[in-house]
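Please take a moment with the sequence and the model below before reading on. The paragraphs after it are meant to be followed with the structure in view.

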Amino acid sequence: MTAPASWGRRRRQRGAALLCALLLMLATMLVGVAIARAAFAAIASAGAERERGLAREAAEAALRDAEHDIAADSAAGSATGTATGIDAARAAQFTPAGASGFVDGCGRGDANLGLCLPASPPAWQVLDLADADSPALVPYGQYTGARLATGKGLLPARAPAYLIEQIAPPGAAASLGSFYRITAIGFGGRATVRVVLQSVYRKPPAPAPGPPGSPGAGAGSDAPMPPSVQLPAGRIGWREIANWPQLHAEAAR
């Protein structure tokens, strides 16, 4: 009578031990799956951040290229260490005499490509900045001779592009020069990853002519002004337009 009872207890003990082992294995498996998912999520997040950083750098390069375009800077090719000459027809568009190059819907000619008049909604919302075949966008280096490597891996999938609007900020007198709003788009290692940046650029008026040696000779727009209207030449502000796809979709309806 004793032996059968002992065998029953041993069977129950072995069954309990097996159940505990299965539960421990299941818990270990769940912990391993959680760790693996966290690791893969971290890798994906790092990859997405790298892509966005690459697109942001490309868009910033396009902003600088547009600023050189506006300033008709003969050193605009400094990104590659080479200087480039000035396109006289293009440079004339950023003078009072050539302001007619800015048109509704943005220029598409050789000299006024990507030059837009302000509108509602603005051109940077209406135009598809991500369209590689858009006839109204200025490709990077079009007028400055700058070059940006593109391809795969750590390079942008496509060259960035930009457009320029001539604007008149409230209260800005003609003596402050001309103001331009630049909108640039950059791409990551995949063309579907894109960043849109926008800046406002001030180009001082040309120096007033005067006799050599006179106090006004060579004096530019940065002559002393009241503190309330003191503005730097060049870029005076910038922002990232994170919701550009939504704004474009609404403007294109």
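What follows is a walk through this structure, from its overall layout to its cores, its aromatic rings, its charged pairs and its last helix.

The model shown here is a predicted one, and the protein it describes contains four helices and six strands. Read from the N terminus on, these elements run in the order α-α-β-α-β-β-β-β-β-α. Of the 253 residues of the protein, 33% count as buried. Among the contacts with a separation of 6 or more, 63% are accounted for by residues that stand 24 or more positions apart in the chain.

The interior can be approached through its nonpolar cores. The largest nonpolar core has 21 residues, and those that touch the most other members are Ile70, Phe94, Phe102, Tyr162, Ile164, Tyr180 and Ile182. Several elements contribute to this core, for helix 1 (2–71), strand 3 (161–167), strand 4 (178–187) and strand 5 (194–203) each supply at least two of its residues. Helix 1 gives the largest share, which amounts to six residues. Apart from this core lies another one, of 17 residues, and Cys106, Leu137, Leu163 and Leu247 are among them.

Within the largest core, Phe94 is a useful residue to follow. Leaving aside residues up to four places away in sequence, Phe94 touches Asp69, Ile70, Phe102, Leu115, Ile164, Tyr180 and Lys203. Both Phe94 and Phe102 are buried, and together with Tyr180 they form one aromatic cluster. Over the whole structure, a search finds three aromatic pairs. How are the rings of Phe94 and Phe102 placed with respect to each other? Their centres are 5.9 Å apart and their planes stand at 75°, and because planes over 60 degrees apart count as edge-to-face, the pair is edge-to-face.

Aromatic rings also have charged neighbours in this model. The charged end of Arg90 sits over the ring of Tyr143, at 3.9 Å from its centre, while Arg158 lies over the face of Phe187, with a distance of 4.0 Å to the ring centre.

Arg90 leads on to the salt bridges, of which a search of the whole structure finds eight. Arg90 forms one of them with Asp69, and the closest N and O atoms of this pair are 2.7 Å apart. The two partners belong to distant parts of the chain, since Asp69 is in helix 1 and Arg90 in helix 2 (residues 88–92), 21 residues apart. Are these two residues buried or exposed? Asp69 has a relative accessible area of 4% and is therefore buried, and Arg90, with a relative accessible area of 2%, is buried as well.

Two further salt bridges connect helix 1 with strand 6. In one of them Glu240 is paired with Arg52, the closest N and O atoms being 2.8 Å apart. Glu240 lies in strand 6 (residues 234–240) and Arg52 in helix 1, so this pair ties together parts that are 188 residues apart in sequence. Glu240 is partly exposed, its relative accessible area being 25%, and Arg52 also counts as partly exposed, at 34% relative accessibility. In the other, Glu60 is paired with Arg235, and here the closest N and O atoms are 3.0 Å apart. Because Glu60 lies in helix 1 and Arg235 in strand 6, the pair ties together parts that are 175 residues apart in sequence. Glu60 counts as partly exposed at 21% relative accessibility, and Arg235 is likewise partly exposed, with a relative accessible area of 25%. These two residues also belong to a wider arrangement, in which salt bridges that share partners join Glu60, Arg64, Glu67 and Arg235 into one network.

The walk ends at helix 4 (residues 244–251), where Trp244, Leu247 and His248 are buried. These buried residues cover an arc of only 100° around the axis, which puts them on the same side of helix 4. A general point about helices helps here: an α-helix has 3.6 residues a turn, so residues three or four places apart point the same way. The buried residues of helix 4 pack against helix 3 (123–126) and strand 5. Leu247, one of the buried residues of this helix, is also among the residues of the 17-residue core described earlier.

How values were computed:
Residues are numbered from 1 along each chain as its sequence is written. This is a predicted model: local features need pLDDT of at least 70, side-chain atom pairs count only at pLDDT 80 or more; totals for chains, interfaces and linings use all residues. Side-chain values use heavy atoms; hydrogens and water are left out. Rings of Phe, Tyr and Trp (its six-membered ring) pair if their centres lie within 6.5 Å; planes under 30 degrees apart count as stacked, over 60 as edge-to-face and the rest as tilted. Buried means under 20% relative accessible area, exposed over 50%, partly exposed in between (1.4 Å probe, protein chains only). A charge sits over a ring if NZ of Lys or CZ of Arg is within 6 Å of the ring centre and within 35 degrees of the ring normal. A nonpolar core is a set of buried Ala, Val, Leu, Ile, Met, Phe, Trp, Tyr and Cys residues joined through side-chain atoms within 4.5 Å. Contact means heavy atoms within 4.5 Å. A salt bridge is a side-chain nitrogen of Lys or Arg within 4 Å of a carboxyl oxygen of Asp or Glu. The arc is that of the directions from the helix axis to the C-beta atoms.
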